[in-house]
Amino acid sequence: MTTMRARSTRLGVLDIGSNTIHMLIVDAAHGAPPVPEASCKSTIRLMQYIKDDGSIRKSAVEIIIDAIDKAMEMAKEHEITQLLPMATSAIREAPNGAKILHRLEHHIGQPITVLSGEDEARLTFLAARRWYGWDAGRLLMIDIGGGSLEVAMGRDEEPSLALSVPAGAGRVTHELLPDGMADEKLLEDVHHEVKKIIEPMIEAFPTSKEPNHAVGTSKTMRSLARLAGTVRKEGGRENSMVMTRDELEDWIPRLAAISPDQRVALPGITKERTFQIIGGGVVADEIMKALNVEEVEICPWALREGAILRWLDQFGRTTLGF
């Protein structure tokens, strides 16, 4: 008997984040994993354009639009049939975010979904759950973005706990590490400040429940793991990247002493992450420490895949309707 893939959609996810504008194009079908066809991203580092009152400078809007134009040109070339545009913490939290959003929506010709921090946590958790399956048991997901940190935990596809705090790698760097480097004293101060920022998140976690499996998602965690992690060979599935807290803590002070320009020569540290990798590393260390997590496995899927999977669940079923 021939097995046929369900009717597919060429779908594009436009992710307007705090650090990058990213377009991911996939061949998506309900009940099947999304197959990547193309992607492009532009590094914008919105945190550099935040005023003292939290609003985004006008000059940044033109940078965002140029990046969106580049992404939409690729979407046009690949003839996508469905566009899922979404914005995260930088637009969400800016006092002039609604005004900027209106201009961006007019520019692309359709509404843009502004995700709450909890939305981000839930969608990313869904992606991680689908990747690892039910056998992973109680799953803990840690996602470090440019502007915020999301954490979620649960046994089902819908997490029992989904939380977000303003502790993204870009934000921590902008506010606490303006030179991208740190001596021992400054690094200690940054750890202390990050600990205070994540405190409400830690207080909300049930002390009686520990995860069976802890995973990290998105580029910051992947970059750190390529530097401070190891490859674990898995029987029957793809090899995985695992990062321990001990390895991470060993690398953070060494990274902090190296200029951002020099870090690009290190494994896993891409050009767009050189400046904010210390901030991301401190956030990863503090959240792992606070939740008593000794190691995380890096999940290949994150927010964009979660958005695709949620859309497929809602609208991607067969013509039979069930």
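**L248 and the sheet around it**

At 1% relative accessibility, L248 counts as buried. Keep in mind that this model is predicted.

User: Is L248 buried or exposed?
Analyst: Let's check the cut-off: buried means under 20% relative accessible area. L248 comes in at 1%, so it counts as buried.

User: Which helix holds L248, and which strands does that helix lie across?
Analyst: L248 has its place in helix α8. That helix covers residues 245-256 and runs at about 70° to β11. The strands it lies across are β10 and β11.

User: Which residues does L248 touch, leaving out those up to four places away in sequence?
Analyst: Sequence distance can mislead you here: L248 and V282 are 34 residues apart in sequence, yet 8.9 Å apart in space, C-alpha to C-alpha. As for actual contacts, the list is L224, A228, M243, G281, A284, D285 and M288.

User: What is the strand order in the sheet, and which strands are at the edges?
Analyst: There are 7 strands in an open sheet with mixed pairing, in the order β8-β7-β6-β9-β12-β11-β10. An edge strand pairs on one side only, and that fits β8 (161-165) and β10 (229-232).

User: Which residue stands opposite G216?
Analyst: Strands of a sheet pair through backbone hydrogen bonds, either parallel or antiparallel. Here β9 (residues 213-217) and β12 (residues 295-298) go for the parallel sense, over 2 bridges. Opposite G216, in β12, you'll find I298.

User: At about what angle does helix α10 run to β6?
Analyst: Helix α10 spans residues 277-290 and lies across β6, β7, β11 and β12. Its angle to β6 is about 155°.

Methods:
Residues are numbered from 1 along each chain as its sequence is written. This is a predicted model: local features need pLDDT of at least 70, side-chain atom pairs count only at pLDDT 80 or more; totals for chains, interfaces and linings use all residues. Side-chain values use heavy atoms; hydrogens and water are left out. Two strands pair if DSSP finds at least two bridges between them. Helices (H or I, at least four residues) and strands (E, at least two) are DSSP runs, numbered from the N terminus. Contact means heavy atoms within 4.5 Å. Axes are lines fitted to C-alpha atoms, for helices over the stretch in contact, and angles run from 0 to 180 degrees between N-to-C directions. Buried means under 20% relative accessible area, exposed over 50%, partly exposed in between (1.4 Å probe, protein chains only).
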